[in-house]
Each structure stands twice: as C-alpha cells, then as structure tokens.
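Thanks for coming, everyone. I'll keep this short. Please look at the screen, and we'll walk through what is there.

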Amino acid sequence: MDNFGTYRGAYEIFQKVNWIGRDNCIFGTIVDQSKSASFTGSMMGEGAFGAIGYVVGGIIGRERDLRVGQIYDYFFALLNLTENGVGIMPLKGGGLRLNPEKMSPCYEGFFYYYYQELADISVKNYYGIRKSVKTIAIKLADGNKLHFNANMIEKTLPYQENCMKEFVRRYQK
C-alpha cells in the first residue's frame, strides 16, 4: 500500500503517475466541499428557493463540477507543484483528518494542469485571519476554479510545514 506519511512516500506516489519534476512541492489538502454541486444545490434549495431552487442549484453545481473534474467526490488530495504545473492526487478512505494509515491515493482520479492551462494560483489566510490554515484557489484558463484548504502543519505529514512555507512564499497574495 502506498503511504504518503513521508515525503519519500508521497514522492513515489507522484512518480507512479509520472508527475515529478526537479522542483517538487508536495502537500496534503482538504477539498473545499462548499464549492461542490451538492452544497450549491442545498444552499439554493433549503436557504433560498425551496425545492425548485434545490434542483436548479444542483444542476448549476454539477455542470461546474463536470468541467473541473471529479475532485469534489473526494475530501482530501495531495498536490504536487513542479516547474511544469500542478498535479492533483485524490485520496480515498475515511477520517476527519489527513491520515496516511486510513487513506490511499486514487490513481484513476489523478489529474494535472500545466501552467499554460492556469490563469492563477492564489493562497490566502482562512477567512482572512487564520494564518495556520490557508485557502487555495487554482483558477483555470477557461475560468473554472478548484478550491482547497490546507493546514500549515499536519501532524501526520512531517513534510507539510516545509512544503507549505515554500508554497505560501510563492503564491500568497
């Protein structure tokens, strides 16, 4: 079983899908489920427009999700930023936190974007004030976005802190 609990293990996971560069910035993220179809549908339906809003919101959200991939089917993902672009490895398994013992990479769900396909990568403090958690938005050239949250320090991923510091240095706005 592939274990992303060490940097070497995470590196080998990305090596299996041929997404390794000279400069690898690998870290664990939480997929921002609030940007998914089911969340969009429930917010429009229950909060604003009743049953019809729920259906319309679900349709709008699902169309958006189909364009950016199926990342919202997962709660966690590993990201690897190389000199070529961003590789995203969904993680399957249970738990409320990133836990290499309970999760495994979903190789069939892996996807990547070259920097030429991206319009922007931005990192901000969670809700503008929480420095220990970062909100990550990857805007694609076609206008779609991928949303993640990442802790600066993950107890189960000893490499998280160094990689996140480098990532924040490059992209924090």
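Start with Ile30. Its bridge partner in strand E8 is Asn149. One thing to say right away: this is a predicted model.

Ile30 brings us to strand E1, residues 25-31. E1 runs antiparallel to E8, and two bridges join them. E8 also has strand E7 to pair with. E7 covers residues 130-140, and its pairing with E8 is antiparallel too, over seven bridges. Here is one place to look: Ile136 has Phe148 of E8 as its bridge partner.

Now the turn. E7 and E8 form a hairpin with four residues between the strands. Gly143 in that hairpin has a positive phi, near 95°.

So is E8 enclosed or open? E8 spans residues 145-151, and six of its seven residues are buried. That is why we call this strand largely enclosed by the rest of the structure.

Next, the cysteines. How many disulfides does a search of the whole structure find? Zero. Take Cys25. Cys25 is in no disulfide, and the nearest cysteine sulfur to it belongs to Cys163, 4.9 Å away. Why is there no bond here? A disulfide needs the two sulfur atoms within 2.5 Å. At 4.9 Å from the sulfur of Cys25, the sulfur of Cys163 is too far for a bond. Remember what we are looking for: a disulfide is a covalent bond between the sulfur atoms of two cysteines.

Are these cysteines buried or exposed? Buried means under 20% relative accessible area. Cys25 has 2% relative accessibility, so it counts as buried. Cys163 has a relative accessible area of 9%, so it is buried as well.

On to the aromatics. The count comes to 10 aromatic pairs. Take Phe110 and Tyr112. Their ring centres are 6.1 Å apart and their planes sit at 35°, so this pair is tilted. Then Tyr112 and Tyr114. That pair is edge-to-face, with 5.3 Å centre to centre and 75° between the planes.

How do these three residues sit relative to the surface? Phe110 counts as buried, at 15% relative accessibility. Tyr112 is partly exposed, with a relative accessible area of 38%. Tyr114 is partly exposed too, at 37%.

Step back from the pairs. Phe110, Tyr112 and Tyr114 belong to a cluster linked by ring pairs, and Phe14 and Trp19 are in that cluster as well.

Last, the whole chain. Which elements does it have? Three helices and eight strands. Along the sequence the pattern reads α-β-α-β-β-β-β-β-β-β-α.

How much is buried? The chain has 173 residues, and 49% of them count as buried. Now the contacts between residues at least 6 apart in sequence. Of those, 57% join residues at least 24 apart. And the surface: the accessible area comes to about 9,300 Å². Carbon and sulfur atoms account for 54% of that surface.

To recap. E8 pairs with E1 and with E7, and six of its seven residues are buried. Cys25 and Cys163 have sulfurs 4.9 Å apart, with no bond. Ring pairs link a cluster that includes Tyr112. That's it from me. Over to you.

Terms used: Residues are numbered from 1 along each chain as its sequence is written. This is a predicted model: local features need pLDDT of at least 70, side-chain atom pairs count only at pLDDT 80 or more; totals for chains, interfaces and linings use all residues. Side-chain values use heavy atoms; hydrogens and water are left out. Buried means under 20% relative accessible area, exposed over 50%, partly exposed in between (1.4 Å probe, protein chains only). Two strands pair if DSSP finds at least two bridges between them. Rings of Phe, Tyr and Trp (its six-membered ring) pair if their centres lie within 6.5 Å; planes under 30 degrees apart count as stacked, over 60 as edge-to-face and the rest as tilted. Contact means heavy atoms within 4.5 Å. Accessible areas come from the Shrake-Rupley method with a 1.4 Å probe; for residues, only the protein chains shown count as cover.
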